Amino acid sequence: MRIKIGIVWFRHDLRLRDNQALTDAAEQCDVVLPVYVFDERLYKEQTPNGFRQIGVYRAQLILDSVLNLKKSLQEKNIDLIVRIGKAEEIIYEIADQVKSSWVFCNRERAPEEEFIQDKLENRLWQIGQELRFSRGKMLYHTGDLPFPVRHTPDTYAAFYREVGKIVPVRKPLPIPDKMLPYMGSVESESIPTLIDLGFKSNEIPGEGFRFKGGESEGLKKLDEFIKNNFKVSSIKTNRRNKDEVLITHLSPYINAGVLSPKTLYESINQFMGNKFHSNRASCIIHGLMRRDFLKLLEKKYKTKIFDKAGIKGNEQYDLKHEMDKFWLWANAKTGIPIVDAFMRELNNTGFISYEGRRILSQFLIEELQVNWQLGAEYFQSKLVDYNPCSNWGNWNIMAGVAYDTKEDRYCSIITKARKLDPHGDFVRKWIPELAGLNDNIIHEPDKANSEDLKNSNIELGKDYPLPVVDTEKWV
Ligand SMILES: Cc1cc2nc3c(=O)[nH]c(=O)nc-3n(C[C@H](O)[C@H](O)[C@H](O)COP(=O)(O)OP(=O)(O)OC[C@H]3O[C@@H](n4cnc5c(N)ncnc54)[C@H](O)[C@@H]3O)c2cc1C
């Protein structure tokens, strides 16, 4: 009898735990053959406005994660085949060579990935093979939702009413216990370096880089987060910094797929019944639900989330494609400390909090009146946790071209800055030029008197830029 060979095509699901495609392959086939392809197009080709498709922080996270996956599989005597090239050609070649029964993958929703999936599916049909899609990328299983994807509600509030507290989240899957390796020989390349992928040596993140990739690292980070934020009795000391307390920093792991949304949900959900913790636990769960909501919206509206007029098709919308203003923003030279500080954090680490993303996008759109698509592309190239639906969906919301409205659209940036960073510690960290200014003036150096500036050794316009927008309206 012919043995059934299941190729598992890993993409944004670089994990063994709760991996539906891997589980399906292990259950339906006699042997598994896992493959990862570094898609050369994503590293060589640029976005329409000339940014990298995958920035260096995300690339590093992916490299770490592939290496970790290879090690974890090797511990089970299975090798991960790694190749560089065009995924649909390489997977097809391997399927043809080993005469596999099926190729398994977790279905991707974004247009470019769907395009590659469709191409592969067509080619496999020609040799009598099939691409089997699993649904394992979201918190909810789409089959459990009370509506078909094309009827997804247009606002998060409506989505939550129909889904939250009603639709159960399925349990994460364990690592398949029975997985046998394919014993034939299939060529594998070594895992490339960042230089092989086209990055320059001066772009490579230093040792202190915050987001090391891999399933083991993701699970470790999750454990640490739970221990430090939900289990310690000294929780009140953590509460001093509101921003630090509310965020998990786990989105890079969720989006590389080393940690599944269901795994995070299961770890957090146990604290929902606890009065002291439930607020924080529910913020995180809302985050995961928002992620699903934006994935479904993208599926419903397809490429519209990438259009300037957005999913709403707002034809009146008229923001300018002004590159000079855009580069002031991207190079952190706006003269508004909180904006420049968040931008320096993004440029130097690939990560900023939700509030940071809101402040940067609000400033580009409302203050500089620059086309929001430039900002979304820039975030795409910089964010370590980039995913198309979360990034472009949130930019649609910020630009007012989605059906979701923004609650605090007209709040002054300075008011927000004082709320988020009352003592100026965050600004001092990222803009040391301003470190000598007092807490009460650090967010508005242009309002400092000449004596304060002199005592702090700052010459505005030389050491730090003058504001590029009229700040009088915020007084
Ligand atoms: C302009 C803009 C662009 C954004 N681009 C991205 C992006 O490319 N990738 C991305 O994952 N998030 C994006 N977000 C959403 C959000 O800022 C990040 O998910 C969050 O800051 C990640 O931090 P955390 O892991 O500590 O999240 P937590 O607050 O701990 O939330 C838990 C998880 O829920 C998800 N999540 C939380 N908030 C959101 C949200 N508003 N939308 C979608 N998912 C959410 C994330 O996966 C996150 O890991 C964007 C937001 C804005 C305003």
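Which of the 28 residues around the ligand come nearest? They are Ile 247, Thr 248, Ser 251, Gly 287 and Asn 391. This is a predicted model, and the ligand is a good place to enter it.

Start with the shell around the ligand. Helix H10 (251-256), H12, helix H15 (354-367) and helix H17 (388-399) each supply at least two of its residues. H12 gives the most, with six residues. By chemistry, the shell divides into 12 nonpolar, 11 polar and five charged residues. By domain, it draws at least three residues from domain 2 (138-173 + 216-306) and at least three from domain 3 (323-474).

Those domains belong to a chain that is divided into domain 1 (5-137), domain 2 (138-173 + 216-306) and domain 3 (323-474). Note that domain 2 is given as two segments. The C-alpha centres of domain 2 and domain 3 lie 27 Å apart. Where they touch, 16 residues of domain 2 are in contact with 16 residues of domain 3. H10 and H12 each supply at least two residues of the domain 2 side. H12 gives the most to that side, with five residues. The residues of the domain 2 side divide into seven nonpolar, four polar and five charged. H12 thus turns up twice: it gives the most to the ligand shell, and it gives the most to the domain 2 side of the contact with domain 3.

Now step back to the whole chain. The chain has 20 helices and five strands. Its radius of gyration is 24 Å, close to the 23 Å that the globule rule gives for 475 residues, so the chain is as compact as a globular protein of that length. Along its principal axes, the C-alpha trace spans about 85 × 50 × 45 Å. Buried residues make up 41% of the 475 residues. Take the contacts with a separation of 6 or more: residues 24 or more positions apart account for 74% of them.

Next comes the interior. The largest nonpolar core has 117 residues. Ile 7, Val 35 and Ile 91 have the most contacts inside this core. Helix H12 (residues 275-301) gives the most to the core, with 10 residues. Val 35 shows how parts of the sequence meet. Leaving aside neighbours within four places in sequence, Val 35 is in contact with Ile 7, Trp 9, Phe 10, Ile 81, Ile 91 and Ile 94.

Cys 29 sits in the loop between helix H1 (20-28) and strand E2 (31-39). Is this loop residue buried or exposed? Cys 29 counts as buried, because it has 22 C-beta neighbours inside 10 Å and the cut-off is 20 or more. Not counting residues up to four places away in sequence, Cys 29 touches Lys 4, Ile 5, Gly 6 and Ser 101. Pro 153 is 124 residues from Cys 29 along the chain, and their C-alpha atoms are separated by 38 Å.

Two other loop residues deserve a look for their backbone angles. Lys 165 is in the loop between helix H6 (156-163) and helix H7 (215-231). Its phi is near 65°, a positive value in a residue other than glycine. Lys 165 counts as exposed, because it has 7 C-beta neighbours inside 10 Å. His 249 lies in the loop between helix H9 (242-246) and H10. His 249 is not a glycine, yet it has a positive phi of about 60°. With 16 other C-beta atoms within 10 Å, His 249 is partly exposed.

Terms used:
Residues numbered from 1 in each chain as written. Predicted model: local features only at pLDDT ≥ 70, side-chain atom pairs only at ≥ 80, totals over all residues. Core = buried A, V, L, I, M, F, W, Y, C linked by C-beta atoms within 7 Å. Buried ≥ 20, exposed ≤ 12 C-beta atoms within 10 Å, placed from the backbone. Helix = DSSP H or I, 4+ residues; strand = E, 2+ residues; numbered from the N terminus. Contact = placed C-beta atoms within 7 Å. Near = placed C-beta within 6 Å. Nonpolar A, V, L, I, M, F, W, Y, C, P; charged D, E, K, R; others polar. Domains from an automatic or database assignment. Rg over C-alpha atoms; globule rule 2.2 N^0.38 Å.
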